[in-house]
Amino acid sequence: MTSPVRSRRKLRILTTIAAVFVVVVTAVLVTAARDDEGARPDRESSAAPVSAVRPDSHRLSTAPDGRVTLVEFLDFECEACRAAYPLVERLREEYGDRVSFVVRYFPIPSHFNAERAARSVEAAAQQGRFEQMYQRMYETQAGWGEQRVPADEVFRGFAADLGLDPAAYDAAYNDPATLDRVRSDFDDGIALGVQGTPTFFVNDEMVTANSYEDLAEALDAALG
């Protein structure tokens, strides 16, 4: 029969091992993206300046004067991004053509289908349907998010609903260049200090935003 002292000692040992395991796994998840960036030879030099907006960044709308731009780094499987989606739509309606709205991919590695969702949106973008697929992802997130099974066919169904050419969609979805495009946004986010989603920038300055009012205040200040 095991003594109470030995049982408590064994419990302490197991608890310590579990705690160490959690710390190690967390560290791996946080640093994996940075390590992966260094392993990809086609990325720009780390000395090159990184902007919150690239020439190929996806725009929901463009202000004629180009003075103020709101950029969102997002994850389509992120519930907080889903909650921010109607706020961004409200801002677009409120600010109209005074502000450019830009979307950039930042799929969190621990979200099983986040990168797949970004590839699907990017494949739709290649047929001129970026915004429609962007909206569809948030409208349906409750049905496919937070699951540990691939949602490839679910996303393919969205493409069919939007009337996309299925062969072209499949080719783009599975093209390594599409994944590279998604990861280039992610890498820029890491370089800019993005640590979670959604993260907003106004004219290259990161904004702490917990509400519609926070974002509106940042835009008003930029508009002057």
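A salt bridge is a side-chain nitrogen of Lys or Arg within 4 Å of a carboxyl oxygen of Asp or Glu, and the views below, all taken from a predicted model, start with one such pair.

**View 1. A salt bridge between Arg-156 and Asp-170.** In this close-up of the predicted model, the closest N and O atoms of Arg-156 and Asp-170 are 2.7 Å apart, and the two residues form a salt bridge. Arg-156 lies in helix H5 (residues 152-161) while Asp-170 lies in helix H6 (residues 166-174), so the salt bridge ties together parts that are 14 residues apart in sequence. Arg-156 counts as partly exposed, at 32% relative accessibility, and Asp-170 is likewise partly exposed, with a relative accessible area of 23%.

**View 2. A salt bridge between Arg-104 and Asp-185.** The side chains of Arg-104 and Asp-185 form a salt bridge, in which the closest N and O atoms are 2.9 Å apart. This pair links distant parts of the chain, with Arg-104 in strand E3 (residues 100-105) and Asp-185 in helix H7 (residues 176-192), 81 residues apart. Are these two partners buried or exposed? Arg-104 counts as buried, at 0% relative accessibility, and Asp-185 is buried too, with a relative accessible area of 1%.

**View 3. Asp-185 and Arg-181 within helix H7.** Asp-185 also meets the side chain of Arg-181 in a salt bridge, with a distance of 3.0 Å from N to O. Both residues lie in helix H7, where they are 4 residues apart, which is about one turn of the helix. Arg-181 counts as buried, at 11% relative accessibility. Through salt bridges that share partners, Arg-54, Asp-56, Arg-104, Arg-181, Asp-185 and Asp-188 are joined into one network. A search of the whole structure finds 12 salt bridges.

**View 4. The cysteines Cys-78 and Cys-81.** A disulfide is a covalent bond between the sulfur atoms of two cysteines. How many disulfides does the structure hold? The structure holds 0 disulfides, and this view shows two cysteines whose sulfur atoms can be compared with the cut-off. The closest cysteine sulfur to that of Cys-78 is in Cys-81, at 3.3 Å, which is too far for a bond, because a disulfide is counted when the two sulfur atoms are within 2.5 Å. Cys-78 is buried, with a relative accessible area of 7%, and Cys-81 is buried with a relative accessible area of 0%.

**View 5. A patch of negative charge on the surface.** Which residues gather in the patch of negative charge? Glu-93, Glu-94, Glu-217 and Asp-220 come together there, on the surface. Helix H2 (79-95) and helix H8 (212-223) are the elements that give two or more residues to the negative patch. One of the patch residues, Asp-220, has its place in helix H8, and Asp-220 is partly exposed, with a relative accessible area of 43%.

**View 6. The chain as a whole, for orientation.** The secondary structure of the chain comes to 8 helices and 5 strands. Read from the N terminus on, these elements run α-β-β-α-β-α-α-α-α-α-β-β-α, an order in which the helices and strands of the earlier views can be placed. The chain has 224 residues, and buried residues make up 40% of them.

Technical notes
Residues are numbered from 1 along each chain as its sequence is written. This is a predicted model: local features need pLDDT of at least 70, side-chain atom pairs count only at pLDDT 80 or more; totals for chains, interfaces and linings use all residues. Side-chain values use heavy atoms; hydrogens and water are left out. Patches are made of residues with over 30% relative accessible area and no salt bridge: like charges are joined within 9 Å, nonpolar side chains (Val, Leu, Ile, Met, Phe, Trp, Tyr) within 5 Å. Accessible areas come from the Shrake-Rupley method with a 1.4 Å probe; for residues, only the protein chains shown count as cover. Lys and Arg count as positive and Asp and Glu as negative; His and the chain ends are not counted. The place of a charge is taken as NZ of Lys, CZ of Arg, CG of Asp or CD of Glu. Buried means under 20% relative accessible area, exposed over 50%, partly exposed in between (1.4 Å probe, protein chains only).
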